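Reader: I am new to this structure, so please take me through it step by step, with the meaning of each term given when it comes up.

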Amino acid sequence: MHIENPQIVALLPELGVELQHGVAMSQQTSLGIGGTTDLLRIRKHEHIPGLLNLLDHHGIPHKFLGGGSNLLVDDGELPWVVLQLVPSEPDVVLEGNFAHVDAAADLGRTVTYCAKNDLGGMEGLIGVPGTVGGALRMNAGAYGMQIGTYVREVKLCRAAERRIETLRGHQISFEYRHTSFAPDDMMLSVTLELPSKSFKEILQGIRICNEKRRSSQPLGQKSAGCIFKNPPGASAGRMIDELGLKGLHVGDARVSDRHANFFVNAGNASAKDMLTLIADVRERVDKAFGVQLENEVVVWNA
Ligand code: EPU
């Protein structure tokens, strides 16, 4: 979708928004898949309600992009614009055991920065690509930890009400890859309370997680991490592997040879290829195990 209306184009800079025309979403997602649309880069949180009102007034639908690492975007010219936060400077501020983090901050760099300041707890997340806001919304986790454990406060924009609000940790429920945030809530910043640990000890934990990840996941390839959530008490990856589906492909969309719950873009996969592969694998798992796998990856259909 293209924003051409000169009235809107003129107002955006006043709202601290940079408009980029015709951005390929394949360049914004770790899967390297997705069509084109206009990208609105937001620098000032306080103007977000005004921006949403403006887009609404002109009938321009929007989607909110984090780091693009857990996302499958449709092909072609997309029927909505995409909003993305630009990280503040600095994007992490420490105060004792509290880390105040901008939602647009890179997750890995945040974990490392906290570690260097003797704040641990998030070692498991070190290799997870994406932003802190994205991790928060999905309650990202790995190796026995999840980010929700450390959340004390979240500033967000309630898109439905066009209101910026601060929630305390106890007002939010964090479950396995699920939170009580509304689908259109926009994460703006978060305060984490992290346990004190020496950098040396944290580094040891980080090395162990990195090693486990390297040995079991296709890190060098274009993917969105795990495609399906694990069903209670089972492993989606193991089930897909047991069916001998590693290497199964539709065009360049392929079940990873290394980890069967990672589907990779081995070249020029389209969203259609990837969605067909997802549907095929889901059906085979259902037939063999009677289990309906639920997507972990977020899909933006046009
Ligand atoms: N397994 C296989 N074949 C495979 C993949 C896995 O047999 O192709 C077996 C493994 O040998 C292991 C079991 O399945 O016994 C579980 O595998 P793994 O330890 O890799 O964990 P997972 O359940 O597949 C989860 C998260 C990952 C996270 C790892 C490590 C989900 C959907 N996945 O994977 O998160 O990195 O644990 O904690 O919860 C993600 O969220 O995108 C993601 C990759």
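Author: On a 1 Å grid over the protein atoms alone, a cavity is a set of points where a 1.4 Å probe fits but cannot get out, and its lining residues have an atom within 4 Å of a point. This is a predicted model, in which local features need pLDDT of at least 70 and side-chain atom pairs count only at pLDDT 80 or more, whereas totals for chains, interfaces and linings use all residues. Residues are numbered from 1 along each chain as its sequence is written, and side-chain values use heavy atoms, with hydrogens and water left out.

Reader: How much space lies in the largest cavity?
Author: A search of the whole structure for cavities of 30 Å³ or more finds one. A volume here is the space filled by probe spheres set on the grid points, which are joined across faces, edges and corners. On that basis the space in the largest cavity is about 30 Å³.

Reader: How many residues in the lining of the largest cavity are nonpolar, polar and charged?
Author: The lining of the largest cavity is made up of Val111, Cys114, Leu119, Gly120, Gly121, Met122, Glu123, Leu194 and Ile202. Ala, Val, Leu, Ile, Met, Phe, Trp, Tyr, Cys and Pro count as nonpolar, Asp, Glu, Lys and Arg as charged, and the others, Gly among them, as polar. By this division the lining holds six nonpolar, two polar and one charged.

Reader: Which residues are the closest to the ligand?
Author: A residue is taken as near a molecule if one of its heavy atoms lies within 4 Å of it. In this model 20 residues surround the ligand, and they divide into seven nonpolar, seven polar and six charged. The closest of them are Tyr143, Tyr176, Asn230, Arg238 and Glu296.

Reader: What share of the ligand's exposed area does the protein bury?
Author: A polar contact is a pair of N or O atoms within 3.5 Å; within protein, one must be able to donate a hydrogen and the other to accept it, and residues adjacent in sequence count only if both atoms are side-chain atoms. Polar side-chain atoms lie 2.7 Å from a ligand oxygen in asparagine 230, 3.2 Å from one in serine 235 and 2.7 Å from one in arginine 238. Taken alone the ligand exposes 820 Å², an area from the Shrake-Rupley method with a 1.4 Å probe, and the share buried by the protein is 73%.

Reader: Which element gives the most residues to the shell around the ligand?
Author: Helices (H or I, at least four residues) and strands (E, at least two) are DSSP runs, numbered from the N terminus. Strand 15 (222-226) and helix 6 (236-242) each supply at least two residues of the shell. With three residues, the element that gives the most is helix 6.

Reader: Is lysine 272 buried or exposed?
Author: Lysine 272 lies in helix 7, which covers residues 271-289. Buried means under 20% relative accessible area, exposed over 50%, and partly exposed in between, with a 1.4 Å probe and protein chains only. Because its relative accessibility is 62%, lysine 272 counts as exposed.

Reader: Which residue's backbone oxygen lies 3.4 Å from a polar side-chain atom of asparagine 265?
Author: Asparagine 265 belongs to strand 18 (residues 262-265), and it counts as buried because its relative accessibility is 5%. The backbone oxygen that lies 3.4 Å from a polar atom of its side chain is that of glycine 32.

Reader: Which side chain is joined to that of threonine 191 by a polar contact?
Author: Threonine 191 is found in strand 14 (residues 185-193), where a relative accessibility of 11% is why it counts as buried. Its polar contact, of 3.0 Å, is with the side chain of histidine 100.

Reader: What is the omega of the peptide bond from glutamate 89 to proline 90?
Author: Proline 90 sits in the loop between strand 5 (81-85) and strand 6 (92-95). The bond leading to proline 90 from glutamate 89 is cis, and its omega is near -5°.

Reader: What is the phi of asparagine 139?
Author: Asparagine 139 is in the loop between helix 4 (132-138) and strand 8 (141-142), and it counts as buried because its relative accessibility is 0%. Its phi is positive, in a residue other than glycine, and is near 50°.

Key. 1 Å grid on protein atoms, 1.4 Å probe; cavity = no way out; pocket = protein on both sides within 12 Å on 5 of 7 lines; lining within 4 Å.
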